[in-house]
Amino acid sequence: MSLAGLFNARWPGVALFDLDGTLVDSAPDLAAAIDQMLEHLGRSPAGIDRVRNWVGNGASVLVRRALAGQVDWEPARPKDDALFNDALAIFYHAYGTINGRHSVVYAGVEACLTHLKNQGCRLGIVTNKPEQFVAPLLEQMGLDHWFDLTVGGDTLPVKKPDPTPLLHAMETLGGTRGTTVMVGDSGADINAALAAGIPCVAVRYGYNYGPAVDTLGADAVVDSLAELL
């Protein structure tokens, strides 16, 4: 499907958006919370550049990666899960006080959301961010009024790249595979859309790690959501 075909005057009827790295650059807040966690545990801070590469698979994986100091955390997984549980609790507390403080909305987002709403599109958030942090961030960024539904990483028993959150959001908003599109920044978003059988638009500016987002099978890849207009 062409880029023009993805966002025309009658389509899509439902648009689902990832949050971190797609609508909002939240890495500064996430990095600050991770560094507070690491320092509390007597470890050196990771810094924003490393944390950007660790975001995208939910808070639990982010904390695992921070403890391991690398994206591929499985080989370094701590034997004592008490450390992980303590670290996760510290991170949740730190992020709860920081969430939205340094985050910014990406250029092109407001124009895209305005265009979609004006043509009667129903909008939803499908993110791997824990649900308790989603509404506060959207409110802090002034984006909460755009969305008819939010699905967090712990809203359902599974998260992206499992297709279930996308299908749940699509069905709740009255969409079908022929009228719904997913917009995200990472392999988790693209793979979830492919598994759900719905088109996907990927942005290049997000937090994807590993192979370039252009190679992951999205129907369209853009540098700004304004390009969808």
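**Exercise 1. In which loop is Asp18 found, and between which strands does that loop lie?**

Let's work through this predicted model together.

Step 1. Find strand 1 (14-17) and strand 2 (24-25); Asp18 sits in the loop between them.

Step 2. Check the accessibility. The relative accessible area of Asp18 is 6%. The cut-off for buried is under 20%, so Asp18 counts as buried.

Step 3. Look at the side chain: Asp18 and Thr22 are joined there by a polar contact of 3.0 Å.

Step 4. Now set aside neighbours within four places in sequence. The contacts of Asp18 then include Leu23, Val126, Thr127, Lys160 and Asp185.

**Exercise 2. Work out whether Asp185 is buried or exposed, and describe its surroundings.**

Step 1. Place the residue: Asp185 belongs to the loop between strand 6 (180-184) and helix 9 (187-196).

Step 2. Take its relative accessible area, which is 3%. With buried set at under 20%, Asp185 is therefore buried.

Step 3. List its partners, again without neighbours within four places in sequence. Asp185 touches Asp18, Asp20, Gly21, Thr22, Val203, Gly206, Tyr207, Asn208 and Val213.

**Exercise 3. Relate the UniProt annotations to the model.**

Step 1. Start with the record. The unreviewed UniProt entry gives Asp18, Asp20 and Asp185 under "binding site".

Step 2. Compare sequence with space. These residues are spread over 168 residues of sequence, yet they cluster in space, with a largest C-alpha distance of 8.4 Å.

Step 3. Turn to the largest cavity: Asp18, Asp20 and Asp185 are among the residues in its lining.

Step 4. Add the other annotation. Under "active site", the unreviewed UniProt entry lists Asp18.

**Exercise 4. Describe the largest pocket and the residues that line it.**

Step 1. Begin with its volume, about 200 Å³.

Step 2. Go to the lining, which is made up of 13 residues. Nearest the centre of the pocket are Ser186, Gly187, Ala188, Asn208 and Tyr209.

Step 3. Sort the lining by character: 7 residues are nonpolar, 6 are polar and none is charged.

Step 4. Link this back to Exercise 2. Asn208, one of the residues nearest the pocket centre, is also a contact of Asp185.

Conventions:
Residues numbered from 1 in each chain as written. Predicted model: local features only at pLDDT ≥ 70, side-chain atom pairs only at ≥ 80, totals over all residues. Heavy atoms only, no water. UniProt positions renumbered as here; feature names shortened; annotations may be inferred. 1 Å grid on protein atoms, 1.4 Å probe; cavity = no way out; pocket = protein on both sides within 12 Å on 5 of 7 lines; lining within 4 Å. Helix = DSSP H or I, 4+ residues; strand = E, 2+ residues; numbered from the N terminus. Buried < 20%, exposed > 50% of the residue type's maximum accessible area, 1.4 Å probe, protein only. Contact = heavy atoms within 4.5 Å. Polar contact = N/O pair within 3.5 Å; in protein donor to acceptor, adjacent residues only side chain to side chain. Points joined across faces, edges and corners; volume = space filled by probe spheres on them. Nonpolar A, V, L, I, M, F, W, Y, C, P; charged D, E, K, R; others polar.
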